[in-house]
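The following exercises are to be worked through with the sequence and the model at hand. Each task is followed by a solution in steps.

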Protein chains: 2
Amino acid sequence: MSPPQDRGRAPSIRDVARLAEVSHQTVSRVLNDHPSIRPETRERVLQAMETLQYRPNRAARTLVTSRSNTIGVLAALSTTYGPATSIAAIEDAAREHGYHVNTANLADTSPAGIADAIEHLMLQAIEGLVVIAPQVRVFEVLAASSIGVPFVSLQSTGRRDHLALSVDQVTGARRATQHLIGLGHREIVHLAGPQDWIEAEARMRGFLEAIDDAELGLHPPILGDWTADFGYYAGSELVRRRDFTAVFAANDEMAIGLMHAFRDAGLDVPGDVSVVGFDDIPVAKHVAPTLTTVYQDFHEIGRRAVALLLNQVHGAERIEVEDIVPRLVVRGSTAPVAVRPAPSAR
Amino acid sequence: MSPPQDRGRAPSIRDVARLAEVSHQTVSRVLNDHPSIRPETRERVLQAMETLQYRPNRAARTLVTSRSNTIGVLAALSTTYGPATSIAAIEDAAREHGYHVNTANLADTSPAGIADAIEHLMLQAIEGLVVIAPQVRVFEVLAASSIGVPFVSLQSTGRRDHLALSVDQVTGARRATQHLIGLGHREIVHLAGPQDWIEAEARMRGFLEAIDDAELGLHPPILGDWTADFGYYAGSELVRRRDFTAVFAANDEMAIGLMHAFRDAGLDVPGDVSVVGFDDIPVAKHVAPTLTTVYQDFHEIGRRAVALLLNQVHGAERIEVEDIVPRLVVRGSTAPVAVRPAPSAR
DNA sequence: GATCCGAATGTGCACGTTCACATCCACTGT
DNA sequence: ACAGTGGATGTGAACGTGCACATTCGGATC
C-alpha cells in the first residue's frame, strides 16, 4: 500500500527486470511487443512495471533508435480559427500514432525569424514537419536550410521538395465568385490576403479565373493582412468609391470587418453590397447579416497532413491523397444585385 | 565547397573533437559555455562544428542530465481565440528560454480522456506543465496521477498543489455586470459557461456578487458550452420569456450567438436588450452591434505562466505574481434600459 | 628554486534503452 | 539416437553526451 521508496532515481528497465526475475532484455521485449515471449513471463514483467510505477525513458530510447517519435509544426497566425483547428487535429492524429507534437510559432515572418523557428525545431530532432505557415518565404528558407526530414505543407505550393495536401482553394474561391456572378453582380472587388501567402494567392487566382470566365471587368484586388481590423479599414476606403456591388474577402475575419465599415457608412449588406468570406469560422453564421462563405474542413486537413507525413517518415510508398474541395455556404450576406443605382433604396 | 560526405550517421561531439584536435570534453565545454576555455580553442571547435554541420543530440543530453528542456501544455478548446493565443504566447516565451513545448489536446473531457492526455505528456519527460484546461476535473485527475512535475494553471483554482496565475475573472465579471446595473438594468440574465470550468465558475461568481451588492432579483443562470451555436439556442429560449432587459454572457462567442437569436426574434440590441460578452475576441468590435465585453490579455497570461513555471522548475524561490485584472470595454451592445414595456418601441 | 595554485584540457564512466549475437531447451524428423 | 529447428531468454556492446576526477603547464609566492 505504501508507495515504493524512491531513491531519487526513476526506475529503469533493469529495476523491473530484477523484480520480475528476468533479464533487462526480456523487459525490453515486453515493452516492444516482441512476439516470442511467454504470456506468463509478460504478465510477470507487467506486474513488476506496475509495482515500480515504471515509465520508459524516451530519451534513452531515442538515443539508441534515433527515432524521436516527435513531429514538428511550424505555424503562423496560430491564434486564428483555421490554423488553431488544424493544429489541434494534428495533435490528435499524432497522438493516435504514438507521436508527440512540437510546435514553433512564427512570430514574425522575416527570414531570420523563420530560420530561428526552424532551427529551434531541428534541435528537437523531429522526424517530420508540418508547415501551417504557407508563405512562399517559409519554403524558401526551408529549402535553403536542408533540414533533412520530410515535411508537408497544408496547401499545394507547386514545389517538388516536399509533400503537400491539395486543398483546392482555387476552386473554392472560384465558386464563391461565381455565386456572386450568378446573382447578377458584375462589379466585384476582391479583398485578398497577404501576397506571399500561398492560400491568399490561390484564392485570388480562383477569383481571377471566375472573373475572366465571365468576361467581367477587373477591379484591382486589395491586399490585406487577414485581420478584421484591416477589413474595416479596407471597407472604409471602398465606400468612398462605390463602384462595386459585391466584395469577395479572402477570409471571414476580413469580411466581418468589411461589413462593419459598410454598416458604419450606411450601406446595407446585402441590399447595397453583397459580401462573401472564406473559411466558415464558427461565428460566421451568427453575425449580422449571416455570412455567406466557403467552408473548409480544417480538422480533416490536419488529420490528412499527419497521415501523409507519417507515411513518408516510415518510408512507405507514396500514398495518393484526393483533393479536399471547400464547399460554398450561402447565407444572408449575399443577394441579387439591386437595380442600380440603389444606394438610396434603403 | 562540396558537402562533407555523410556516412549515414550524424556527426557527434567526438567527430568534432577529432577535427578540431581536442578531446570530446573540450567540445562539450564549448557547447555549454564553460568559462575556462581558451578563445582560440573555442574558435577552432566552433569552426569544426560549422564544417561538420554539427547539431547537438538532445536525446543524449537529456539522458545524461535528465533534463528534457521541454514543458507540456494541456489544453482544452484550443481552437478558440483565448486558449490559442495563450498557447502561442507560451511557445514564444518558452523558446526564449530555450525550452520546447509539447501540447496535448483534451478532445473529450472524460476522466479517461484526461488521464490519457496526461499520460501522453508524461511519456515525453516534460519538466513542467501548463494547464489551459481549467476544469475542476482536470485537476482532480492531475492530483490523482501524481505526475511529479510542477504545473501551473492559468486560473486560480484554490488548490494548493500547484502554481496558479491569478487572473481576476471575478472582478472582470463583476465589472461587466455593474456596467449593466449602472445603465439601469435590473433584470439581468447570466449565460454561463460549463459548470465544471473554473473560469465559468469565477465569472458566474462575479455576476452573482454584483447582483447581490445591488440587491437585485436573481434570474437562474443558463449553463452553456461556450459556443456561438449554444448562444443562439439559449437566445431562442430566452426570447419566449422576455422577463429581462440585459444578458451577461460568459464569453463573446455565446454573446454573438445570443444577439443573432434576438435579431431573429425581432428584438433590438441594445434597444430592447443589452448584451455583454467576455474575452474581447478580435471580431467583437466588428459585429453588429459592436460588442461590449471584458478584455483579457491572453498573451500576457501565457508569458507569465511560463515565467512562473520555469522559475519553479529551476527551484528558485517562489515569485510573486500580481493579479491580472481584465478591463471592461464598452461598445454598442449595451444601452440604458428602455422605459418598459418597450419591445414595440423599435 | 621548490612549492603551490588555478586555468586549460584530457580520461573514463554513467545515463537507459535497443540491437546483434549467443545460449538454452523442447520438439521434430530421420 | 542424433542433428536440426525455432521459440524463449540472456549477454555485452553501442548510442552521444555530461560529470567527476585526473593531468599538464605557466606563473606567483616564499
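**Exercise 1. Strand pairing**

How many bridges join strand 6 of chain A to strand 7 of chain A, and in which relative direction do the two strands run?

*Solution.* The model under study is predicted. Step one: locate strand 6 of chain A at residues 188-192; two bridges join this strand to strand 7 of chain A, and the pair runs parallel. Step two: find a residue pair across the two strands; Ala192(A) stands opposite Leu223(A) of strand 7. Step three: extend the pairing to the whole sheet, which is open, has four strands in the order 7-6-8-9 in chain A, and is paired in parallel. Its edges are strand 7 (222-223) and strand 9 (274-276) of chain A, each of which pairs on one side only.

**Exercise 2. Helices on the sheet**

Determine which strands of chain A are touched by helix 10 and which are crossed by helix 8.

*Solution.* Step one: take helix 8 of chain A, residues 169-182, which lies across strand 6, strand 8 (246-249) and strand 9 of chain A. The angle between helix 8 and strand 8 of chain A is about 170°. Step two: turn to helix 10 of chain A, residues 228-241, which packs on the sheet and touches strand 6, strand 7 and strand 8 of chain A. The direction of helix 10 makes about 155° with that of strand 6 of chain A.

**Exercise 3. Surroundings of DNA strand D**

Describe the protein surface near DNA strand D by residue count and class, and identify polar contacts to its phosphate oxygens.

*Solution.* Step one: count the residues; 27 surround DNA strand D, and the closest are Thr26(A), Thr41(A), Ile13(B), Gln25(B) and Tyr54(B). Sugar and phosphate make up 59% of the atoms of DNA strand D that come within 4 Å of the protein. Step two: sort the surface by class, which gives nine nonpolar, 13 polar and five charged residues. Step three: examine the phosphate oxygens of DNA strand D. One lies 2.9 Å from a backbone N or O atom of Arg38(A); a polar backbone atom of Ile13(B) is 2.4 Å from a phosphate oxygen; and for Arg61(B), a polar side-chain atom lies 2.9 Å from a phosphate oxygen.

**Exercise 4. Relation of the copies**

Which rotation and shift superpose chain B on chain A?

*Solution.* Step one: the superposition takes a rotation of 180° with 0.0 Å of shift along the axis, at an RMSD of 0.1 Å. Step two: the two copies are therefore related as by a two-fold rotation axis. Step three: compare the contact residues; 100% of those of chain B recur in chain A, so the same surface serves both copies.

Terms used:
Residues are numbered from 1 along each chain as its sequence is written. Chains are lettered from A and ligands numbered from 1 in the order in which they are written. This is a predicted model: local features need pLDDT of at least 70, side-chain atom pairs count only at pLDDT 80 or more; totals for chains, interfaces and linings use all residues. Side-chain values use heavy atoms; hydrogens and water are left out. Two strands pair if DSSP finds at least two bridges between them. Contact means heavy atoms within 4.5 Å. Axes are lines fitted to C-alpha atoms, for helices over the stretch in contact, and angles run from 0 to 180 degrees between N-to-C directions. A residue is near a molecule or strand if one of its heavy atoms lies within 4 Å of it. A polar contact is a pair of N or O atoms within 3.5 Å; within protein, one must be able to donate a hydrogen and the other to accept it, and residues adjacent in sequence count only if both atoms are side-chain atoms. Ala, Val, Leu, Ile, Met, Phe, Trp, Tyr, Cys and Pro count as nonpolar, Asp, Glu, Lys and Arg as charged, and the others, Gly among them, as polar. Copies are superposed by least squares on the C-alpha atoms of residues with pLDDT of at least 70 in both.
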